[in-house]
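Work through the exercises below with the sequence and the 3D view open. Each task is followed by a solution in steps.

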Amino acid sequence: MIVLMKNEFYKQKREWSFLFLLLLSLLPVLTGGAGAIFNDITKTLSDLFFFMNNQFAMFFPMVLFILVGLLFYQEYKNKTYINWITYGYPKHKLFLTKVLVALFIGILFAMLLLLLFFCLIGGLGITGKVTADISGLLAIAIGFLLEAAIIIPVTVCAGAIIINLSRNIIITSVTGVIYGFVSCFFIGSEIGFIVPNGFAYRVAIYFSDQSSYYDAPVRATIGGSAASLFAFIILLAVGAGLFAHKKKVES
Amino acid sequence: MLRINNVNLNAGNAVLLHNINVTLELGKIYGVLGPNGAGKTTLFKSILGLTDYTGEILSDNQPVSSRLFGSLIEYPAFYPKLTAEENLRLHARYLKINNPDLKTALEQVNLWEARNKLFSQLSLGMRQRLGIARAFLGNVKYLLLDEPTNGLDPMGIKEIRLLLKERLKSRERCILVSSHNLTEIAAITDCLIFIKNGRIVKILENSYSEQELEIIYEKIITSREEDAQ
């Protein structure tokens, strides 16, 4: 598995599209930062996180769809798919490798986003535009990383299914945009915890503003965690099953 | 020895391969000849385990593994942003070949000088040769080359012919080359397998003159399967 993962990273040599994706995933902080710097208004740490997290919840699923899409699309576009599946490795293992690589890069992107956000807070703190303490930053970090830990696996698996069904990066990207927007519809709903991305958002915000969590917190936490885990397992199994299914003639 | 026994493949109502029976020996180059859509690529894909065929394909009486094969199917597919050498290195890593002799492999196909060029910068002839270099990397037992001279100019075709006959042919290896071009394949192979509508219609030792082969091929192409058999 490690050899397969190393090979996947090797294939990405000189693939600058991943840098573009990184830039895209950092946009929430860049736009939030620009707004905070150029509008001469003092904001709280929660306000800034709220702004950044809204955009993250909406756009990051799209980034993840494109990310996992590009990893698989590379084989379809270059027509290396046939070679790739005849090296003698089980197909579900090949699928899992790409998914793991997408998870790894997705987590890296999310951590870089958080790091950039903290840099922004630091910069704004020096100029007196925002006040932040360590406990506040720690709470945001925990909330955001929990959100990423829910969003990334589920979304990557969903994206992997779409790219392997469509073999088309445009369809995958557009589905990612729709997926991100539709997920956001469930953020405000009291039963929205059944949708992993909606649940993840509320979890993240809870750590900076506890009043914004669900009215029935225990039910939502247990239900949301179970639904997210269930969605991940189902999507992973469906994705691997579809990919490993032997076609009449592979092409 | 590669034995293909009663291999059949249908997709819906279409018969892609019908009752394929053939035994291929090491040390020989076999030419699989047939018009476009005859089933050459599908046969190669079946040998590689890329189709859901019925029947059996055995190597020395054991079920085949794709690792026994080096292949160039349809077109030389590589990662365009990796260099020629990096693409071969990646292939070797997948096959877990320790210290692959990439230099020899690239020299055999006259690509050592171009080893640092990105795949996207290679000409079609260079790409085909790189595809062949990849196919025989790791000293594979069977080499499947599907239309390896596709799109090549006469010099390129000659290079591939010399490469196959003078450098790659060995007693420990069996080479299958497909083509729809009789002249080209007759110059390379020891044995000819004629395929039409997914069926093997004739197997011939390549001991005929080009003109005789042309007559045989024409007869096969224009006749009904039963007549040809």
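**Exercise 1. A covered strand**

How many of the residues of strand β8 (residues 174-179) of chain B are buried?

Solution. The conventions come before the count. This is a predicted model, in which local features need pLDDT of at least 70 and side-chain atom pairs count only at pLDDT 80 or more, while totals for chains, interfaces and linings use all residues. Residues are numbered from 1 along each chain as its sequence is written, chains are lettered from A and ligands numbered from 1 in the order in which they are written, and side-chain values use heavy atoms, with hydrogens and water left out.

Step 1. Fix the terms: buried means under 20% relative accessible area, exposed over 50%, and partly exposed in between (1.4 Å probe, protein chains only). Helices (H or I, at least four residues) and strands (E, at least two) are DSSP runs, numbered from the N terminus.

Step 2. Count: 6 of the 6 residues of β8(B) are buried, and the strand is mostly covered.

Step 3. Sort the side chains by direction. C174(B), L176(B) and S178(B) point one way, I175(B), V177(B) and S179(B) point the other way, and all are buried.

**Exercise 2. The partners of β8(B)**

State in which sense β3 (residues 29-33) of chain B pairs with β8(B), and do likewise for β7 (residues 142-146) of chain B.

Solution. Step 1. Two strands pair if DSSP finds at least two bridges between them. Strands of a sheet pair through backbone hydrogen bonds, either parallel or antiparallel.

Step 2. β3(B) and β8(B) are parallel, with 5 bridges. Within this pair, G31(B) is opposite V177(B).

Step 3. β7(B) also pairs with β8(B) in the parallel sense over 5 bridges. Here L143(B) is opposite I175(B).

**Exercise 3. An open sheet and a hairpin**

Give the strand order of the open sheet of 4 strands in chain B, and find its edges.

Solution. Step 1. The order is β2-β1-β4-β5, with antiparallel pairing.

Step 2. β2 (14-24) and β5 (62-63) of chain B each have a single partner strand, so one side of each is left without a neighbour in the sheet.

Step 3. Take one pair in detail: β1 (residues 2-11) of chain B joins β2(B) through 7 bridges in the antiparallel sense, and R3(B) faces T23(B) across it.

Step 4. Set beside this the hairpin of β9(B) and β10(B), which has 2 residues between its strands. β9 (residues 191-196) and β10 (residues 199-205) of chain B run antiparallel and are joined by 6 bridges, with I193(B) opposite I203(B).

**Exercise 4. Positive phi**

Where in chain B are K96(B) and E147(B), and is each one buried or exposed?

Solution. Step 1. Most residues other than glycine have a negative phi.

Step 2. K96(B), with phi near 55°, is in the loop between α2 (84-94) and α3 (102-108) of chain B. K96(B) is exposed, at a relative accessible area of 52%.

Step 3. E147(B), with phi near 50°, is in the loop between β7 and α5 (154-168) of chain B. E147(B) is buried, at 10% relative accessibility.

Step 4. Two further cases: N197(B), in the hairpin turn, has a positive phi of about 50°, and G49(B), which follows α1(B), has a positive phi near 80°.

**Exercise 5. Two helices**

Describe the cover of α1 (residues 40-47) of chain B, then place R127(B) relative to F44(B).

Solution. Step 1. α1(B) is mostly covered, with 7 of its 8 residues buried; F44(B) is one of these.

Step 2. R127(B) belongs to helix α4 (residues 124-136) of chain B and is partly exposed, at 25% relative accessibility.

Step 3. R127(B) and F44(B) are 83 residues apart in sequence and 20 Å apart in space, C-alpha to C-alpha.

Step 4. Contact means heavy atoms within 4.5 Å. Leaving aside neighbours within four places in sequence, R127(B) is in contact with P76(B), F78(B), F119(B), S120(B) and L122(B).

**Exercise 6. The whole chain**

What does the secondary structure of chain B come to?

Solution. Step 1. Chain B has 8 helices and 10 strands.

Step 2. The radius of gyration, taken over C-alpha atoms, is compared with the globule rule, 2.2 Å times the number of residues to the power 0.38. The value for chain B is 18 Å, close to the 17 Å that the rule gives for 229 residues, so chain B is as compact as a globular protein of that length.

Step 3. Buried residues make up 51% of the 229 residues of chain B.
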